[in-house]
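Trainee: Could you take me through one part of this model in detail, with the contacts and the packing described together? I would like one connected account rather than a list.

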Amino acid sequence: MATTANPEHVPTRHTASPSLAALRRLHAAAAVRIGFGLVWAIDASFKWLPAFIHGKTLSDELGKAAAIHTPVIHQWIQLWHDAGTADPGAFAVGTALVESCIALGMIFGVFTNLVFIGSAVFSFGIWSAAEGFHLPWTKPGITDLGPSVAYIFASLALFTAFAGATWSLDTRLRPALGRLAWLASPTAAEVAVRRSPGTARTT
């Protein structure tokens with residue numbers, strides 16, 4: 001005798017509610033996201049200062065290639081030096097705009113999935129080009145790998161922690177994005193479904 005499943009018992013991403021403990025974790029992640037966004041805002045404010053925005057310091061900031069001769073890495077750093085010094089003003093404005101967008105995206109929780117991944121990629125660009133991977137690692141007095149490497153992992157950690165699921169505009173934007181919903185963080189209810197064992201997921 002054939003039986004049919006009762007649709008009332010089919011779980012969907014809209015029926016789960018996060019537990020109080022899970023909601024607290026999401027709020028904690030959101031608080032870290034906002035704090036990190038404020039750090040990015042401070043970084044961005046420095047980029048809008050006259051010395052940087054007019055491209056006066058770019059030659060020095062992208063000049064690590066002269067001291068780093070490791071194959072491939074030297075060419076990579078030199079590539080960004082050439083790109084930055086070709087039109088210092090435009091490069092500086094572009095950098096300031098990117099950092100400002102990252103800061104606003106994190107603080108207000110807008111397109112946070114895109115912002116977290118973009119922040120990690122951009123931070124890698126800074127670490128590899130402007131900081132030259134902090135090479136050579138054998139130089140006397142070296143104590144760390146450079147500040148930007150921490151930004152990479154902080155951004156990825158916020159992404160994996162669904163830090164845009166609460167206290168963000170993504171909760172309103174995501175339902176209206178359709179196929180582009182992946183740009184925004186899932187809501188707290190969607191996170192609860194993803195983390196519930198044995199729960200069916202819908203696309």
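**A close look at one loop residue and the helices around it**

Mentor: Ser-168 touches Arg-33, Phe-108 and Gly-109, once residues up to four places away in sequence are left out of the count. This is a predicted model, and what follows is computed from its atoms. Ser-168 has its place in the loop between H7 and helix H8, which covers 170-173, and with a relative accessible area of 10% this serine is buried, because anything under 20% counts as such. Its C-alpha atom is separated by 5.6 Å from that of Phe-108, although the two positions lie 60 residues apart along the chain.

One of the partners of Ser-168, Arg-33, also takes part in the contact between H1 and H7, where Ala-29, Val-32, Arg-33, Phe-36, Val-39, Trp-40 and Asp-43 of H1 meet Tyr-151, Ala-154, Ser-155 and Leu-158 of H7. By class, this contact of H1 with H7 comprises eight nonpolar residues, one polar and two charged. The two helices pack at an angle of about 145°, their axes being 10 Å apart, and the crossing of H1 and H7 is left-handed.

H7 also packs against H6: the axes of H6 (residues 112-130) and H7 (residues 148-160) come within 8 Å and cross at roughly 165°, and these two helices are therefore roughly antiparallel to each other. Here too the crossing is described as left-handed. Among the residues of H6 in this contact are Phe-116, Ser-119 and Ala-120, and among those of H7 are Tyr-151, Ser-155 and Leu-158; the residues of the contact of H6 with H7 divide into 12 nonpolar, five polar and no charged.

Phe-36 links several of these pieces, since, leaving aside neighbours within four places in sequence, this residue is in contact with Met-106, Ser-119, Tyr-151, Ala-154, Ser-155 and Leu-158. Phe-36 belongs to the largest nonpolar core, which has 12 residues, including Trp-40, Met-106, Phe-116, Tyr-151 and Leu-158. Helix H1 (20-47), helix H5 (88-108), H6 and H7 each supply at least two residues of this core. Apart from this core lies another, of nine residues, among them Ala-65, Ile-77, Ala-120 and Phe-133. As background, nonpolar side chains in soluble globular proteins tend to be buried together.

How values were computed. Residues numbered from 1 in each chain as written. Predicted model: local features only at pLDDT ≥ 70, side-chain atom pairs only at ≥ 80, totals over all residues. Heavy atoms only, no water. Axes fitted to C-alpha atoms, helices over the stretch in contact; angles between N-to-C directions. Helix = DSSP H or I, 4+ residues; strand = E, 2+ residues; numbered from the N terminus. Parallel < 35°, antiparallel > 145°, perpendicular 65-115°, else oblique. Left-handed = near helix turned anticlockwise from the far one by under 90°. Contact = heavy atoms within 4.5 Å. Nonpolar A, V, L, I, M, F, W, Y, C, P; charged D, E, K, R; others polar. Core = buried A, V, L, I, M, F, W, Y, C linked by side-chain atoms within 4.5 Å. Buried < 20%, exposed > 50% of the residue type's maximum accessible area, 1.4 Å probe, protein only.
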